[in-house]
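Visitor: I should like to go through this model with you, one question at a time.

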Amino acid sequence: MLLDALGLETGSLQIKCPAAEIAECGSEMDGKRPCRVISIVGAGGKTSTMFQLAKEYAGMGKRVIVTTSTHIFRPDGYEVVLKDQPEWLERLMEFTEKPGGNILVTAAEEMDWKKGKNDNFPCDKAQKKLKGMEPHEIGRLLNYCDVLLIEADGSKRLPLKVPSETEPVLVPQTGLIIACAGLTAAGNQFRDTCFRFSSHGSWLHRNVDDAIGAEDMALILMDERGSRKGVNGRYYRVLLNQADTEKEKRLAEKIAGMLPLNLQTGCVRTTRTR
């Protein structure tokens, strides 16, 4: 299970939130209740990671709400409720009254989306995207679920990214941040593989035509200008995705060996999600 690979307690959500570092979090952050809000950042498999976690939590009998503070593609096969729909609150209440083991996807509204010139992934038809709600609105979703999973930044489906000054978009109640990185980034040029490198990656002291190495990925994952931006005392996990070959698995071990065993309050783990 991905929960096991990330070192998260299964069955009772017993990972505890740090008590004093995060303001405006109320009883969720008082150290007495399990941490229920997980934000996923970085690149290289955030959405697939989020839905895999949702399935595992639902399999444990939890009511799980999946949402975004930015944008995600509308997923197939899931119940979706949007804030701009008249029945918004009614459907949230219905979800709350259901037995555990269910997943609900929420967002502010649905948008038409077509592939743009800067989108570096294949798409041959128009798709729908879900636009996230404001952070204070997302926090209220805790009233309707056991676990709240949030995709907290975008990456244009590239395997690596550095955040801009406005990313990630974290709700105050976030108790755990999972940073994803795709191992397929290694060996490719920054210009083609690392989202926002040209505009926000100068601190890496690399050129756009340089090849990405294990050291670069480790630095992005552990630096507060990279994937650790906004952690501020929260629990933190690293997820190295796209380990489809023995070469990539060895790379994952090399990157993990460069990271501290404890990043703030969380352990470093590696795993594979499809």
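The exchange below moves from the whole chain to its elements and then to single residues.

Guide: This is a predicted model, in which local features need pLDDT of at least 70, side-chain atom pairs count only at pLDDT 80 or more, and totals for chains, interfaces and linings use all residues. Residues are numbered from 1 along each chain as its sequence is written, and side-chain values use heavy atoms, with hydrogens and water left out.

Visitor: How many helices and strands are in the protein chain?

Guide: Helices (H or I, at least four residues) and strands (E, at least two) are taken as DSSP runs and numbered from the N terminus. On that basis the protein chain holds eight helices and 14 strands.

Visitor: What percentage of the residues of the protein chain count as buried?

Guide: Buried means under 20% relative accessible area, exposed over 50%, and partly exposed in between, with a 1.4 Å probe and protein chains only. The protein chain has 274 residues, and the buried portion is 51%.

Visitor: Among contacts between residues at least 6 apart in sequence, what percentage join residues at least 24 apart?

Guide: A contact means heavy atoms within 4.5 Å. Among the contacts considered in the protein chain, the portion joining residues at least 24 apart is 74%.

Visitor: Which helix gives the most to the largest nonpolar core?

Guide: A nonpolar core is a set of buried Ala, Val, Leu, Ile, Met, Phe, Trp, Tyr and Cys residues joined through side-chain atoms within 4.5 Å. The largest has 30 residues, and those touching the most other members include Leu 160, Cys 194 and Met 217. Two or more residues come from each of strand S10 (176–182), helix H7 (214–222), strand S12 (235–241) and helix H8 (246–258). With five residues, the element that gives the most to this core is H7.

Visitor: How many residues are in the second, separate core?

Guide: Among the members of this second core are Leu 2, Leu 6, Ile 40 and Met 50. Met 50 is also one of the buried residues of H2. The second core has 28 residues.

Visitor: What distance does helix H2 reach from its first C-alpha to its last?

Guide: H2 covers residues 46–59, 14 residues in total. The expected span of a helix is 1.5 Å times one less than its number of residues. For H2 the expected value is 20 Å, and the helix reaches close to it, at 20 Å.

Visitor: Which residue in S8 stands opposite Val 66?

Guide: Two strands pair if DSSP finds at least two bridges between them. Strand S2 (residues 63–68), with five of its six residues buried, runs parallel to strand S5 (residues 102–107) through four bridges. Five bridges join S2 to strand S8 (residues 147–151), also in parallel. In S8, the residue opposite Val 66 is Leu 149.

Visitor: Which peptide bond is cis, with omega near -10 degrees?

Guide: The proline concerned, Pro 168, lies in the loop between strand S9 (160–161) and S10. The cis bond runs from Glu 167 to Pro 168.

Visitor: Is His 205 buried or exposed?

Guide: His 205 is in the loop between H6 and H7. Its phi is positive, near 55 degrees, although the residue is other than glycine. Because its relative accessible area is 72%, His 205 counts as exposed.
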